[in-house]
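Work through three short exercises with the structure open beside you. Try each task before reading its solution.

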Amino acid sequence: MESNDILISGAGIAGPALAYWLREAGFHVTVVERAPAPRPGGQTVDLRGAGREVISRMGLMERARAVSVEQRGMAMVNASGRFTARMPADGFDGEGMVSEIEILRGDLGQLLYEATLPDVEYLFDDTVTGLSEDDEGVTVTFEKAADRRFTLVVGADGLHSRVRSLAFGPESEFVRPLDLYTAWFTTTEELELDGWFQMYSAPGGLVASARPGRLPGETKAGLSFRSAPLSYDRRDTAAQQGLLERRFAGLGWHVPRLLRAMRTAPDFFFDSMGQVRLDRWFRGRVALVGDAGYCPTPLTGLGTSLGLVGAYVLAGELATAGDHRVAFENHDRIMRPYVQQAQQLPPGGARSYAPGNALAIRLRDLSMRSMTSWPLRSLFGAQFAKAGNIELPDYDHTAAR
Ligand SMILES: Cc1cc2nc3c(=O)[nH]c(=O)nc-3n(C[C@H](O)[C@H](O)[C@H](O)COP(=O)(O)OP(=O)(O)OC[C@H]3O[C@@H](n4cnc5c(N)ncnc54)[C@H](O)[C@@H]3O)c2cc1C
């Protein structure tokens with residue numbers, strides 16, 4: 001085996017998962033994360049199929065269940081809050097739009113982070129600024145920390161990956177925008193959701209949603225809108241909130257309260273949605289995993305599974321191949337079909353998630369009402385079952401515990 005110092009950029013989901021498995025295989029791992037601590041934000045992410053199996057092989061299933069979110073299912077509502085369509089959580093045997101094990105993204109990240117302690121080193125509040133590769137390794141420069149040498153560098157730093165920009169090229173070459181923007185935040189507003197993940201659509205491609213959080217009185221909110229690419233300052237939260245206020249002005253349901261709550265939310269997060277497509281997920285001694293390499297978008301419900309499975313496979317191949325070039329090739333080969341099918345958006349794509357006019361909203365509700373019945377059931381069941389469409393390889397260090 002080569003010398004074994006590996007740098008991972010990003011402590012979201014894929015980063016700590018990769019750190020965990022690399023450490024199990026005997027590597028020395030450092031993770032650099034731009035946020036000052038594991039990021040708490042986001043709504044729920046679905047633990048499905050092979051992603052759920054990776055968590056199980058980590059021995060974390062019991063802890064994941066302990067922090068999973070109780071939910072009755074997903075319901076579409078109109079401006080006055082009346083249900084227009086619903087999908088109970090137990091539809092599709094727990095593998096439907098709301099999966100059986102829904103866990104807050106922040107809780108999953110925290111769980112994975114804690115599982116890597118104390119052996120993995122974290123550099124919070126920092127970022128990679130330069131990568132210079134030679135035959136033996138990569139010299140990495142950071143915004144704050146001193147320069148360091150690593151054998152390999154892995155970008156697990158999400159949709160807007162810095163490592164990808166530095167090693168592969170500008171974001172515009174690899175990210176296909178969906179023309180959809182989303183904000184997520186937490187609020188303690190009492191919204192009487194009755195255990196349902198409620199979603200309100202308004203003409204113009206506007207979607208507001210709220211779902212019960214894990215803690216009593218906590219609500220996880222979302223505001224999405226369709227738009228041609230916008231230019232905005234990714235660090236100017238107040239300007240992003242102003243943009244949302246203008247778009248959602250005058251709407252019904254709980255929107256006015258959500259707009260008010262957004263201004264004081266501790267974890268407000270706004271981003272564009274896009275898919276990441278690359279022909280290869282490595283270049284020299286640098287590789288990509290999770291959203292950085294193959295973001296399918298939250299519309300698919302499969303981003304977390306891809307990140308967890310990709311981390312598992314990349315670590316396993318690095319542990320067994322003995323040569324990083326072979327390991328990187330193997331990760332590409334094993335993951336490619338799984339990623340390709342996950343990136344096929346569910347029927348209707350962004351338009352179905354955020355319909356443009358009243359008729360399209362009614363048709364979307366109608367199709368949701370038909371989902372649990374033949375013949376659409378098999379169509380949608382196939383979408384949700386994609387998470388399981390990979391046979392996880394077994395590696396010496398990954399025996400189930
Ligand atoms: C705040 C947040 C909320 C989210 N909410 C949802 C949700 O509600 N539903 C859903 O389906 N998906 C959500 N996602 C996306 C989801 O987490 C991923 O699709 C999936 O879990 C794969 O995770 P990942 O680790 O590859 O990427 P991510 O979870 O995006 O993690 C990337 C990590 O890299 C860090 N990072 C970014 N740039 C740098 C840099 N230059 N240097 C160092 N670190 C950097 C980020 O702070 C983040 O911690 C969210 C992502 C984020 C960041």
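The exercises below use a predicted model.

**Exercise 1. Decide whether Gln-240 is buried or exposed, and find its surroundings.**

Solution.
- Step 1: Locate the residue. Gln-240 sits in helix α6, residues 237-248.
- Step 2: Check its accessibility. The relative accessible area of Gln-240 is 4%. Buried means under 20%, so Gln-240 is buried.
- Step 3: Look for a polar partner. A polar side-chain atom of Gln-240 lies 2.9 Å from the backbone oxygen of Asp-233.
- Step 4: List contacts, leaving aside neighbours within four places in sequence. Among them are Tyr-232, Arg-235, Phe-268 and Phe-270.

**Exercise 2. Work out the order of the strands in the open sheet of 3 strands.**

Solution.
- Step 1: Read the order. It is β8-β9-β10, with antiparallel pairing.
- Step 2: Find the edges. β8 (128-133) and β10 (148-150) each pair on one side only.
- Step 3: Consider the twist. Neighbouring strands are turned by 30° against each other on average, direction ignored.
- Step 4: Zoom in on one pair. β8 and β9 (residues 138-142) are joined over 5 bridges. In one of these, Gly-130 has Thr-141 of β9 as its bridge partner.

**Exercise 3. Describe what surrounds the ligand.**

Solution.
- Step 1: Count the shell. It holds 29 residues, and Ala-14, Glu-33, Gln-43, Arg-105 and Asp-291 are the closest.
- Step 2: Find polar side-chain atoms by ligand oxygens. Glu-33 has one at 2.6 Å. Asp-291 has one at 2.7 Å.
- Step 3: Assess the cover. The ligand on its own has 920 Å² of accessible area, and the protein covers 92% of that.
- Step 4: Name contributing elements. β2 (28-33), β3 (44-46) and α9 (303-321) each supply at least two shell residues.

How values were computed. Residues are numbered from 1 along each chain as its sequence is written. This is a predicted model: local features need pLDDT of at least 70, side-chain atom pairs count only at pLDDT 80 or more; totals for chains, interfaces and linings use all residues. Side-chain values use heavy atoms; hydrogens and water are left out. Helices (H or I, at least four residues) and strands (E, at least two) are DSSP runs, numbered from the N terminus. Buried means under 20% relative accessible area, exposed over 50%, partly exposed in between (1.4 Å probe, protein chains only). A polar contact is a pair of N or O atoms within 3.5 Å; within protein, one must be able to donate a hydrogen and the other to accept it, and residues adjacent in sequence count only if both atoms are side-chain atoms. Contact means heavy atoms within 4.5 Å. Two strands pair if DSSP finds at least two bridges between them. Axes are lines fitted to C-alpha atoms, for helices over the stretch in contact, and angles run from 0 to 180 degrees between N-to-C directions. A residue is near a molecule or strand if one of its heavy atoms lies within 4 Å of it. Accessible areas come from the Shrake-Rupley method with a 1.4 Å probe; for residues, only the protein chains shown count as cover.
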